[in-house]
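Student: I am new to this structure. Please choose one part and take me through it closely, then show me how it connects to the rest.

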Amino acid sequence: MSATGTGTGHVVVIGAGIAGLAAAHRLVERGARVTVLEASGRVGGKLLPGEIAGLRVDLGAESMLARRPEAVALAREAGLADRLQPPATATASIWTRGALRPMPKGHVMGVPGTAAALSGVLSPEGLARIGRDADLPRTEIGDDVAVGEYVAARLGREVVDRLVEPLLGGVYAGDAYRISLRSAVPQLYQAARTHTSLTEAVREIQAKAAAGPQAGPVFMGIEGGVGTLPLAVAASVRARGGEIVTGAPVTQLRRVPADHAAAAAGGDSRAGAPAPSPATAWRVVAGDRVLHADAVIVAVPAPVAAGLLRAEAPAAAAELAAVEYASMALVTLAYRRAGLDLPEGSGFLVPPVDGRTIKASTFASQKWGWIAEEDPDVVVLRTSVGRYGETEILGRADAELVELSRRDLREAAGLDAVPVATRVTRWTDGLPQYPVGHHARVARVREHVAKLPGLAVCGAQYDGVGIPACIASANAAVDQLAGDLSGVAELTANPVQSLHGGAGE
């Protein structure tokens, strides 16, 4: 077991998003000396707390999958157990074909077990096309296939365009006809390998789920916003002796002989680190600060990671440099409740095929009880704008994005009131894309990184964009430094993906 596994080493974590902070938290719990270096002036990455009209809100991701243990467990460990809250309502709609329609049930990421499950959302022709699935010959999917391509071949494009696309778009802000089935909806990928009929495969997935139902809510929020989670984790890391430095972009990451690093540590202004492990150590440069460490975890977006790894792991850097991202913006609006008549539920999704500006809207005050309780006289909504490849809309001014959102809200939900406050939060290159072959790229990156002792990677570009996925990735990276590769192997084989939201609603 390495020095970091026994708690005697110094580990530098590059990046203080939720993945980097989760890695730091796991490390300090194991007794390692940890330094977290964050380029921006704050911690949290895509988790961002804020306020509007005096109410606390999330300006980034606003919920986390509770059916996976990682996010809820970390929140509890960081002292937020009494602030965990499920959504006040799980009822949602889809704005399509000119009306808000109830979100269908009985599907797996929009793929139905029967045509009847999508009644009301699809046209009669679209419903009839689903019925042909049972009579079609087998569709070979090979090592991977695009979700949209496979589902359209089995059930018709209308299923993809009206339901699969907006559901996947809520996670990735991406294009269903590019997104990997294997990485994004792994349970459907596995079922497709063993079934000729897709609807039959979905019914089998549903039957297995019904046989072992999970208790508790599917999603969870935090009173005050999910954006408070990284703040609590950072406080916990610091309380255990970890150091977190913001405004410290790392400009160089190099391996050095261990004896050289030990000598350099003696003159380090932050000295006190144990001697590095035998063989090699790591030299990390951030501004005028030079650190030497036994191990490094790189927890930054793919383009930044590629730049840092280019000198020591050029093959991994090349793979990461090819990862594409989608940009999007969140428009948060606050209204006086008096005279406001919102539809019931937590909000709605919008299929791109309908040609609207917004891709989703969350009725935050109806979804999260704590927002409504803070000020019953104010109602908070938010919309999301922008998908993969859409650059024109995101180039518009904040005021125009607000007006475009108001126009769509008026048409979809009859909301004609004037907001008392608005905020636009832009997430440029905020969501990594998972195209066909993504799983193989991640495996290659990890294979190259594994050749360098004391180096691990984690973050949204690997195993899932949701909060539990990022934390699972961080946990696996820490375990890898300790010589335990089981977490990395499990994530590579079974991504955390599927049914959870990232910053894109």
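Tutor: Start with one pair: the side chains of histidine 25 and serine 236 make a polar contact of 3.1 Å. A polar contact is a pair of N or O atoms within 3.5 Å; within protein, one must be able to donate a hydrogen and the other to accept it, and residues adjacent in sequence count only if both atoms are side-chain atoms. This is a predicted model, in which local features need pLDDT of at least 70 and side-chain atom pairs pLDDT 80 or more, while totals for chains, interfaces and linings use all residues. Residues are numbered from 1 along each chain as its sequence is written, and side-chain values use heavy atoms, without hydrogens and water.

Histidine 25 sits in helix α2, residues 18–29. (Helices, H or I with at least four residues, and strands, E with at least two, are DSSP runs numbered from the N terminus.) Histidine 25 has a relative accessible area of 1%, so it is buried. (Buried is under 20%, exposed over 50%, partly exposed in between, with a 1.4 Å probe and protein chains only.) What does histidine 25 touch? Beyond residues up to four places away in sequence, its contacts are Leu74, Glu77, Val233, Ser236, Val237 and Arg240. Contact means heavy atoms within 4.5 Å.

Now widen the view to the nonpolar core. The largest one has 48 residues, and Met64, Leu229, Ile297 and Ile467 touch the most other members. (Such a core is a set of buried Ala, Val, Leu, Ile, Met, Phe, Trp, Tyr and Cys residues joined through side-chain atoms within 4.5 Å.) Elements that each supply at least two residues include α2, α3 (70–77), β11 and α10 (228–239). Helix α2 gives the most, with eight residues. Leucine 229 is in contact with Ile18, Met64, Leu74, Ala75, Leu80, Ile222 and Ile467, leaving aside neighbours within four places in sequence. A second, separate core has 41 residues, among them Val164, Ala191, Leu198 and Ala360.

Follow Met64 next. In strand β11, methionine 220 is the bridge partner of methionine 64. Strands β5 and β11 (residues 219–222) run antiparallel and are joined by two bridges. Two strands pair if DSSP finds at least two bridges between them. The open sheet here has three strands in the order β5-β11-β6, with antiparallel pairing. At its edges are β5 (64–65) and β6 (84–85), each pairing on one side only.

Just past β11 comes a salt bridge. Arginine 56 meets glutamate 223, with the closest N and O atoms 3.9 Å apart. Arginine 56 is in strand β4 (residues 55–58) and glutamate 223 in the loop between β11 and α10, so the pair links parts 167 residues apart. Arginine 56 is partly exposed at 33% relative accessibility. Glutamate 223 is partly exposed too, at 28%. The structure holds 27 salt bridges. A salt bridge puts a side-chain nitrogen of Lys or Arg within 4 Å of a carboxyl oxygen of Asp or Glu.

Aromatic rings give another view. The whole structure has three aromatic pairs. Tryptophan 95 and phenylalanine 348 form one, edge-to-face, 6.0 Å centre to centre with 80° between the planes. (Rings of Phe, Tyr and Trp, its six-membered ring, pair if centres lie within 6.5 Å; planes under 30 degrees apart are stacked, over 60 edge-to-face, the rest tilted.) Tryptophan 95 is in strand β7 (residues 93–96) and phenylalanine 348 in strand β18 (residues 347–349), 253 residues apart. Phenylalanine 348 is buried, at 2% relative accessibility. Phenylalanine 348 also pairs with phenylalanine 363: the centres are 6.0 Å apart and the planes at 70°, so this pair is edge-to-face. Trp95, Phe348 and Phe363 form one aromatic cluster.

Strand β7 itself is worth a stop. Ser93 and Trp95 point one way, Ile94 and Thr96 the other, and all are buried. Strand β7 pairs with β18 in the parallel sense over two bridges. There, isoleucine 94 stands opposite leucine 349. Strand β7 also pairs with β8 (residues 99–102), antiparallel, over four bridges. Threonine 96 stands opposite alanine 99 in β8. These two strands make a hairpin with two residues between them, and arginine 97 in the turn has a positive phi of about 50°.
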